Amino acid sequence: MSLQIENLSKTYPNGVKAIDKLSLEIQNGMFGLLGPNGAGKSSLMRTIATLQDPDSGTITFNGNSILEDPMELRKKLGYLPQEFGVYPKVSAEKLLDYFATLKGIASKKERNHIIQEVLEITNLYDVKKKHVSGYSGGMKQRFGIAQLLLNSPELIIVDEPTAGLDPAERIRFLNILREVGTNNTVIFSTHIVEDVKELCTDMAIINKGKVLQQSAPTEATGAINGKLWTKNIHPDRLEETKKEHHVLSSSYTEDNQLAIRVYADKKPSEEYVTCTPNLEDVYFNALLAN
C-alpha cells in the first residue's frame with residue numbers, strides 16, 4: 001500500500017497558503033508528519049481525508065485518485081481529527097453501533113462482533129456502558145481509535161492525538177496505535193518529536209506547507225552524527241552565541257548554566273565537546289535551516 005502526493009497546494013480565502021507544492025510518498029507502516037503548530041499538518045490531513053479540496057496537485061492511494069473518487073477512499077479510511085465531539089448521554093457501545101451503521105455495516109451480528117473487538121483493542125471494554133462525554137481526555141482519544149477501526153481501514157490518519165494527554169495515557173495511546181498500525185498505512189501528525197521517535201519508521205518534517213526533510217528517524221540522526229557539539233554557557237551569553245553559531249537548543253543545568261547544542265561541520269572552538277545527535281536535533285536543524 002502506498003500514498004502518493006504530488007505538487008499539492010491549498011490557499012484559504014484569507015490568503016493563508018497552508019500547503020505549498022507539497023510532494024510525499026508514504027508506504028505501509030507508521031509515518032510521522034512532524035512540524036510546529038501552523039505548519040500545515042492539519043490542512044494536509046484534511047485534504048488527504050477528502051474533507052477539503054486542494055487548489056492543485058494529485059493524491060493517489062494504491063494507484064487510485066483520491067480527488068477523483070473520494071467515496072472509494074472513505075470506504076478504506078480511518079480518521080481521527082485533532083478535536084472531535086460526541087453525543088451526550090450515549091454509551092461507547094451504542095455510539096460505536098451508530099458509527100458502524102453509518103459506515104455501512106448492516107448486519108447487527110457483524111456490528112456487535114467488530115464493536116467488541118475494537119473495544120478490547122482500545123482497552124475500553126470495561127467502560128463500554130459509560131457515556132463517552134464523561135470519559136477522560138485519554139479515554140476519548142482511545143474511543144477515537146475504536147471508531148476509526150470499525151471499517152477495517154487500510155489508510156489511517158491521526159491528527160495531533162497525544163496533545164494534552166498525561167504521560168500514562170500518552171504511552172497507552174501510542175501502544176494501541178503501534179498495534180493497529182502494523183498492517184496499515186498510518187499517518188501520524190504531531191509537533192511532539194518524542195512521539196515520532198517512539199512510533200514511526202519513516203517521517204517528514206514540514207513547515208509553512210512545505211516538506212523540509214523526509215527520511216527514517218534513524219537515518220536522519222545518522223546524517224548529522226559528528227556535527228553536534230555542546231558546552232555550558234552563562235544564560236546572558238545565549239543571544240550572542242546564537243549570532244556566532246547554529247544553536248539548535250539549550251537547557252538549564254543544575255548550576256543554572258545553559259547547556260547549548262550547536263550544529264557545525266567542524267568543532268566550533270576548544271570548549272566544545274561532541275555529543276550524540278537525537279531526533280530533536282534533526283527537527284530543530286531542519287526548521288532553522290529553512
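This section describes a helix pair, the pockets, a cavity and two backbone conformations in a predicted model.

The packing of helix 3 against helix 5 is considered before the voids. Helix 3 spans residues 92-102 and helix 5 spans residues 137-148, and the two pack at an angle of about 35 degrees. Their axes lie 10 Å apart, and helix 3 passes helix 5 in a right-handed crossing. On the side of helix 3, the contact is made by Ala92, Leu95, Leu96 and Phe99. These residues meet Phe143, Ala146 and Gln147 of helix 5. Classified by residue type, the contact of helix 3 with helix 5 comprises six nonpolar residues and one polar residue, with no charged residues.

Both helices also take part in the largest pocket, to whose lining helix 3 and helix 5 each give two or more residues. The volume of this pocket is about 650 Å³. Its lining consists of 21 residues, and those closest to the pocket centre are Tyr79, Phe99, Leu102, Lys103 and Gln147. Two of these names recur from the helix pair: Phe99 belongs to the helix 3 side of the contact, and Gln147 to the helix 5 side. Helix 2 (70-74) and strand 6 (77-80) likewise contribute two or more residues to the lining of the largest pocket. Strand 6 supplies the largest share of that lining, namely four residues. In terms of class, the lining of the largest pocket divides into 13 nonpolar, five polar and three charged residues.

The second largest pocket has a volume of about 210 Å³. Thirteen residues form its lining, and Glu117, Ile121, Leu149, Val180 and Asn184 lie nearest its centre. At least two lining residues come from each of helix 4 (108-121) and helix 6 (167-180). The most is given by helix 4, with four residues. The lining of the second largest pocket is made up of seven nonpolar, four polar and two charged residues.

Enclosed space was examined separately from the open pockets. The count of cavities of 30 Å³ or more comes to one. The largest cavity has a volume of about 60 Å³, and its lining is formed by Phe61, Asn64, Ser65, Ile66, Asp69, Glu72, Leu73 and Lys76. Strand 5 and helix 2 each provide at least two of the residues in this lining. Helix 2 thus appears in the linings of both the largest pocket and the largest cavity. By class, the cavity lining holds three nonpolar, two polar and three charged residues.

Two residues other than glycine were found with positive phi values. Threonine 50 has a phi near 65 degrees and is located in the loop between helix 1 (41-48) and strand 4 (56-61). With a relative accessible area of 11%, threonine 50 is buried, because this value falls under the 20% limit. Asparagine 62 has a positive phi of about 55 degrees. This asparagine is found in the loop between strand 4 and strand 5 (64-65). The relative accessibility of asparagine 62 is 33%, so the residue counts as partly exposed, the bounds of that class being 20% and 50%. Strand 4 accordingly borders both loops, that of threonine 50 and that of asparagine 62.

Note on methods. Residues numbered from 1 in each chain as written. Predicted model: local features only at pLDDT ≥ 70, side-chain atom pairs only at ≥ 80, totals over all residues. Heavy atoms only, no water. Axes fitted to C-alpha atoms, helices over the stretch in contact; angles between N-to-C directions. Left-handed = near helix turned anticlockwise from the far one by under 90°. Contact = heavy atoms within 4.5 Å. Nonpolar A, V, L, I, M, F, W, Y, C, P; charged D, E, K, R; others polar. 1 Å grid on protein atoms, 1.4 Å probe; cavity = no way out; pocket = protein on both sides within 12 Å on 5 of 7 lines; lining within 4 Å. Points joined across faces, edges and corners; volume = space filled by probe spheres on them. Buried < 20%, exposed > 50% of the residue type's maximum accessible area, 1.4 Å probe, protein only.
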